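User: Could you walk me through how to read aromatic pairs in a model like this one?

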Amino acid sequence: MVDDSIVRGTTSKRIVKMLRDAGATEVHVVIAAPPLVSPCFYGVDISTDSDLIATGRSVEEVRDLIAADSLTFLSAEGMLKAIGRSPEMKNCGQCLACFTGEYPTEIYADTVLPHEKELSR
Ligand code: SF4
């Protein structure tokens, strides 16, 4: 199974089970991005790192949680190369914060996440 990313892991786990239920004897998962380990503060709905299956876990632990036979992530370098980013620019001009935890801007302590905004209404 090839997917673009694993966020919470619930979809991956469900698809692995569906493939096994359909008769697959082995399910190998390949993800076309590095593990998502940090929240996005720039508009993508990845609200907290506790939502992310890969935060604080090894690839093997994530593989075990989604019940796959193997799990492979693309490296950040491989992803940048795949999308044709220039190696002369820092991070090739690409935000990688949710993969690395290194944000390209200052993140303020009172940053309000999208789900917190919903709760305060
Ligand atoms: S790469 Fe940057 S902008 Fe894109 S989802 Fe990750 S943290 Fe958000």
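**Reading a pair of rings**

Analyst: Sure, let's start with one ring. This is a predicted model, and in it F41 counts as partly exposed, with a relative accessibility of 26%.

User: Why isn't F41 called buried or exposed?

Analyst: Buried means under 20% and exposed means over 50%, so a value of 26% lands F41 in the partly exposed class. Y103 counts as partly exposed too, at 23% relative accessibility.

User: How many aromatic pairs does the structure hold?

Analyst: There are 2 aromatic pairs. One of them joins F41 and Y103.

User: How do I describe a pair like that?

Analyst: You give the distance of the ring centres and the angle of the planes. For F41 and Y103, the centres are 5.2 Å apart and the planes make an angle of 55°, which is a tilted pair.

User: Where do F41 and Y103 lie along the chain?

Analyst: F41 is in the loop between β2 (28-31) and α2 (59-66), while Y103 is in the loop between α4 (97-100) and α5 (114-120). The two are 62 residues apart in sequence, so their pair ties together those distant parts.

User: Which residues do the ring pairs link into a cluster?

Analyst: F41, Y42 and Y103.

User: And what pattern does the protein chain follow along the sequence?

Analyst: Reading along, you get β-α-β-α-β-α-α-α. That's 5 helices and 3 strands. As for burial across the chain, 27% of its 121 residues are buried.

Technical notes:
Residues numbered from 1 in each chain as written. Predicted model: local features only at pLDDT ≥ 70, side-chain atom pairs only at ≥ 80, totals over all residues. Heavy atoms only, no water. Helix = DSSP H or I, 4+ residues; strand = E, 2+ residues; numbered from the N terminus. Buried < 20%, exposed > 50% of the residue type's maximum accessible area, 1.4 Å probe, protein only. Phe/Tyr/Trp six-rings, centres within 6.5 Å; stacked < 30°, edge-to-face > 60°.
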